[in-house]
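Student: I am new to this structure. Could you show it to me and let me ask how each term is justified?

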Amino acid sequence: MKKLLGTSLLLLSMTFFGQAKEDSIQFSKISTEILNHGKGYTELRELTKSIGHRLSGSEAYEKSVQWAAQKLRDAGADKVWLQDVMIPVWERGKESLQIKTSNGKWMNLKMLSLGNSEGTGGKDISGEIIMVKSMEEYEKLPAEKVKDKIVFFNYPFSQTFIETFRGYGDAAKYRVTAASLTAKKGGKFAIIRSLSSAFDDAPHTGAMRYEDKVNKIPAVAVGNTTADELENLLKTQKVTAKLNSNCGMKGEKLSHSVIGEITGKKDKDVIVVGGHLDSWDVGEGAHDDGAGIVQSIEVLRTFKKLGIHNNHTIRVVCFANEENGLKGGLQYGKTAKEKNEKHLFAIESDAGGFSPRGISLEMDNAKRNQIKSWTSLFTPYGVYNFDGKYSGADISPLHDLGVPTAELVPDSQRYFDIHHTDEDTFEKVNRRELLLGAVAMTQIIYMIDKNW
């Protein structure tokens, strides 16, 4: 009996190590293919330089839909289609923000209206600026101190957090709520300090939200240098601000997410890999999220190029309208539920094209532990952190349906220097870093397809 048990354990051990060696060899093939022959970097150049920024509802976004569909066909997708999505249309238009002190002249400030903000209808709106450094400080102000004023929410992006997404999450409430908070107390418009980890003067846009039954007043952002200068002025003198902007919502329109897949050899169960095709209307949307789009297409291309016979259907989704509505992700989740499609796993890349450091896992412990048991396979590629418990916004509707979801975790130290700014351009993306992200995504999809 002991001899039989020993033999069984030996065979089990040999099988395990044999599988591990096979997977290690496949990981190496994936990496070698992508780093030497990957098309993601050149495709990102096409997307950013030929089309540029791609705000939902814009002509540029519609061009990117056709571009993505063709790239999926070129990558070898068995099937490519467009998924109808009704999206909100927001336009920026001409805008300006000026200030003056009691004895000064009007001075122009660099600024950006926040996404989804209403403007001034092309008219000047002016008033005295009052500054608060925190939400708690603002809440203590009586309404009469705010009425007819411009409220400057000067809350800095925390430099304390090593994980910069924690700093972003900490400051994001000011961008989202500043307008409605100001309106409730009778203020004219809101200014926020940008959600930026950089010490420069680039203003950062991003989505804000109005509360129901609250007056829709404008909200704008200024960069860190301007915020510091404005703070110093307000310490010693009265400062008046004047805003003129033509931004605002322009209803809804029919648009599309772009989907391509390679059919599973074993069944029709779906594994999703994706990013969002839209961007803000500044910069080129290179890191956010052109990187995620080309990395996802690279996964499909690599499976086809290496002749990996996937058990389950691998589906690339280029989601519409993540930035100012999440309508693409919501529609995808709704359609998956209506069709009763079984999804095994979904991963999104929406944190920039920098060097991958890990994969965050939002799923039950059994599946988390299984994936974490593969860590030694990923470590040679610089991917070691599987401790996160969050996933991308576009695939959150799938998670709500019980699907295990994940997100690629790149090094984030530079991401919020350029996030939602004019600085998010192709030149800020490094080829090897971008493609290593595609390597990690292909490797995790390979392991999920093989083992689930």
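Tutor: Short questions and answers follow. This is a predicted model, where local features need pLDDT of at least 70, side-chain atom pairs count only at pLDDT 80 or more, and totals for chains, interfaces and linings use all residues. Residues are numbered from 1 along each chain as its sequence is written, and side-chain values use heavy atoms, with hydrogens and water left out.

Student: Why is Ser113 called buried or exposed?

Tutor: Buried means under 20% relative accessible area, exposed over 50%, and partly exposed in between (1.4 Å probe, protein chains only). Ser113 has 1%, so Ser113 is buried.

Student: Why is Gly325 called partly exposed?

Tutor: The relative accessible area of Gly325 is 28%, so Gly325 counts as partly exposed. Gly325 lies in the loop between β12 (313–319) and α9 (327–338). Helices (H or I, at least four residues) and strands (E, at least two) are DSSP runs, numbered from the N terminus.

Student: What makes a polar contact between the side chains of Ser113 and Glu95?

Tutor: A polar contact is a pair of N or O atoms within 3.5 Å; within protein, one must be able to donate a hydrogen and the other to accept it, and residues adjacent in sequence count only if both atoms are side-chain atoms. The side chains of Ser113 and Glu95 make such a contact at 2.5 Å.

Student: Which residues is Ser113 in contact with, leaving aside its neighbours within four places in sequence?

Tutor: Contact means heavy atoms within 4.5 Å. The partners of Ser113 include Trp90, Arg92, Thr205 and Cys247. Ser113 itself sits in strand β4.

Student: How do you know that β5 and β6 pair?

Tutor: Two strands pair if DSSP finds at least two bridges between them. β5 (residues 125–132) and β6 (residues 150–153) are joined by 4 bridges and run parallel. One bridge pairs Met131 with Phe152 in β6.

Student: What is the strand order in the open sheet of 8 strands?

Tutor: The order is β3-β2-β9-β5-β6-β7-β8-β4, with mixed pairing. β3 (107–109) and β4 (112–113) each have a single partner strand, so they stand at the edges, and one side of each lacks a neighbour in the sheet.

Student: How do you know that β1 and β10 pair?

Tutor: 12 bridges join β1 (residues 79–91) to β10 (residues 248–262), and these strands run antiparallel. Gln83 stands opposite Ser257 in β10.

Student: What joins β10 to β12?

Tutor: 5 bridges do, and the two strands run antiparallel. Ile262 has Ile314 in β12 as its bridge partner.
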